[in-house]
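The exercises below ask you to read one protein model with the sequence and coordinates open beside you. Each task is followed by a worked solution that proceeds step by step.

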Amino acid sequence: AGDHVVLTFRGDVRDTIEELARREAACCPFLDYRVETAGDAVVWTITNPRTGDDRAEADHTLDAFYELPASSSATSALTRSAISSRVDRT
């Protein structure tokens, strides 16, 4: 499993993505969340900083984020427009 999930959205949804990141940080504080602008896109990076035995729980949560854009239950246009990628530790 990778250490990061990167979700890329249209630039006009930055406020929404920042709010989602704040809510996720309150819910799952064991992950790190970063929202940045890259050209015309908003990039939301979710990172698993845990090591050892605690790592598996956080990796499971990252898996859920990674699968979100492809999920048939993801009904919002915002989620469907996301592009996700998984980045492994180097």
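**Exercise 1. Burial and a salt bridge**

Task: Decide whether R34 is buried, partly exposed or exposed, and then establish with which residue R34 forms a salt bridge.

Solution. Step 1: R34 has a relative accessibility of 42%, and because this lies between the limits of 20% and 50%, R34 counts as partly exposed. Step 2: the salt-bridge partner of R34 is E36, and the closest N and O atoms of the two are 3.0 Å apart. Step 3: E36, at 35% relative accessibility, likewise counts as partly exposed. Bear in mind throughout that this is a predicted model.

**Exercise 2. Confidence**

Task: Find which element of the protein has the lowest mean pLDDT and which has the highest, and set this beside the mean for the protein.

Solution. Step 1: the mean pLDDT of the protein is 77, with 73% of its residues reaching 70 or more. Step 2: among the elements, the lowest mean, 52, belongs to strand β4, which covers residues 83–87. Step 3: the highest mean, 94, belongs to β2.

**Exercise 3. The nonpolar core**

Task: State how many residues make up the largest nonpolar core, and work out which elements each supply at least two of them.

Solution. Step 1: the largest nonpolar core consists of 17 residues, and those with the most contacts inside it are L31, Y33, W44, I46 and F65. Step 2: at least two core residues come from each of β1 (4–10), α1 (14–27), β2 (32–38), β3 (41–47) and α2 (55–67). Step 3: F65 can be followed outward, for when its neighbours within four places in sequence are set aside, F65 is in contact with V5, L7, E24, L31, Y33, W44 and I46. Step 4: as general background, nonpolar side chains in soluble globular proteins tend to be buried together.

**Exercise 4. The aromatic pair**

Task: The structure holds one aromatic pair; determine how the rings of Y33 and W44 are arranged, and where in the fold the two residues lie.

Solution. Step 1: the ring centres of Y33 and W44 are 6.4 Å apart and the ring planes stand at 40 degrees, so the pair is classed as tilted. Step 2: since Y33 belongs to strand β2 and W44 to strand β3, the pair ties together parts that are eleven residues apart in sequence. Step 3: Y33 is buried, because its relative accessible area of 18% is under 20%. Step 4: W44 is buried as well, with a relative accessible area of 4%.

**Exercise 5. A buried polar residue**

Task: Locate N48, and identify which side chain makes a polar contact with the side chain of N48.

Solution. Step 1: N48 is found in the loop between β3 and α2, and at 2% relative accessibility N48 counts as buried. Step 2: the side chain of N48 makes a polar contact of 2.9 Å with the side chain of D59. Step 3: leaving out residues up to four places away in sequence, N48 touches D3, L31, R55, A58, D59 and L62. Step 4: of these, D3, R55 and D59 are linked in a network of salt bridges. Step 5: R55 has its place in helix α2 and counts as buried at 16% relative accessibility, while a polar atom of the R55 side chain lies 2.5 Å from the backbone oxygen of R50.

**Exercise 6. Further salt bridges**

Task: Say how many salt bridges a search of the whole structure finds, and examine the one between R23 and E19 and the one between D12 and R10.

Solution. Step 1: the search finds seven salt bridges. Step 2: in the bridge between R23 and E19, the closest N and O atoms are 3.0 Å apart, and because these residues are four apart in helix α1, about one helical turn separates them. Step 3: R23 counts as exposed at 56% relative accessibility, whereas E19 is partly exposed, with a relative accessible area of 30%. Step 4: the side chains of D12 and R10 also meet in a salt bridge, at 3.0 Å from N to O. Step 5: D12 counts as exposed at 62% relative accessibility, and R10 is partly exposed, with a relative accessible area of 43%.

Technical notes
Residues numbered from 1 in each chain as written. Predicted model: local features only at pLDDT ≥ 70, side-chain atom pairs only at ≥ 80, totals over all residues. Heavy atoms only, no water. Core = buried A, V, L, I, M, F, W, Y, C linked by side-chain atoms within 4.5 Å. Buried < 20%, exposed > 50% of the residue type's maximum accessible area, 1.4 Å probe, protein only. Contact = heavy atoms within 4.5 Å. Phe/Tyr/Trp six-rings, centres within 6.5 Å; stacked < 30°, edge-to-face > 60°. pLDDT = per-residue confidence, 0-100. Polar contact = N/O pair within 3.5 Å; in protein donor to acceptor, adjacent residues only side chain to side chain. Salt bridge = Lys/Arg side-chain N within 4 Å of Asp/Glu carboxyl O.
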